[in-house]
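This briefing concerns a predicted model. It covers the setting of one residue and then the pairing of a group of strands.

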Amino acid sequence: MIRRYNQTQTLKAIFFLTGGVFCCWLAFLFFRYLPVFVAWQFGHTLPASVAVGIGLLGLAAVWFSGYRIWKARGGLFGYHESGLYHDLGEDSAGAAVVDFYAHRVTGPAYMLGQIFMAGPQGILKSLTLFRSRIARTDALEEKLASALAALRAANKWQGLQDYPEWRSEILYLAQMGLIDFSGRNGNPRFKAK
């Protein structure tokens, strides 16, 4: 039971870590090469060291923002929830046309922002998944199995006060997703699946 949970957490963590590193690499490349392209369009050349510095500065800004969102238990958000979304309405033809052309700019900007934010959030989520693994012992495995069997036998919603001797085991079972758990109204309730 614990081994399967830990394996799942490890695989998820590896997936999020790989995706996060890839998205961070994309963010660095964007901030590294976009200033070079813009300077070249104006007939200037940007030294490579300056371009790398701008890329690292952009990546640091992405990490700062991604860390703040992760710390607030936030995540990636939908386009309609973003600050880039606007709705000028369909009241007039002019508003509809402006809305159409504005979304052609804000849509890709939103998409780039989400890709960039996925980097630090994926890496931080992978660290959280690694830390959420449970130390496996035979004694804990037996306690979890007996607690789960007792909860399945009861087959009803119960509180932690009903099983004071299995408090930590019940929380482990909830963490593993083997029982339905609700902390609504500050009173934890659970039921075996």
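Asparagine 6 is in contact with Arg133 and Ile134, leaving aside its neighbours within four places in sequence. The residue belongs to helix H1, which spans residues 2–41. The points below, like these, rest on a predicted model.

**Asparagine 6**

- Asparagine 6 has a relative accessible area of 15%, and it therefore counts as buried, the cut-off being under 20%.
- A polar atom of the asparagine 6 side chain lies 2.7 Å from the backbone oxygen of isoleucine 134.

**Strand pairing around E3**

- Strand E1 (residues 158–159) pairs with E3 in the antiparallel sense, over two bridges.
- Within E3, arginine 189 is the residue that stands opposite glycine 159.
- Strand E2 (residues 179–182) also runs antiparallel to E3, and four bridges join E2 to E3.
- Phenylalanine 181 has phenylalanine 190, in E3, as its bridge partner.

**The E2–E3 hairpin**

- E2 and E3 form a hairpin, with six residues between the two strands.
- In the turn, asparagine 185 has a positive phi of about 60 degrees.

**The two faces of E3**

- In a regular strand, side chains alternate between the two faces of the sheet.
- Strand E3 (residues 189–192) shows such alternation: the side chains of Phe190 and Ala192 point to one face and are buried.
- Arg189 and Lys191 point to the other face of E3 and are not buried.
- Phe190, the bridge partner of phenylalanine 181, is thus among the buried residues of E3, whereas Arg189, opposite glycine 159, is not buried.

Conventions:
Residues numbered from 1 in each chain as written. Predicted model: local features only at pLDDT ≥ 70, side-chain atom pairs only at ≥ 80, totals over all residues. Heavy atoms only, no water. Buried < 20%, exposed > 50% of the residue type's maximum accessible area, 1.4 Å probe, protein only. Polar contact = N/O pair within 3.5 Å; in protein donor to acceptor, adjacent residues only side chain to side chain. Contact = heavy atoms within 4.5 Å. Pairing = 2+ DSSP bridges.
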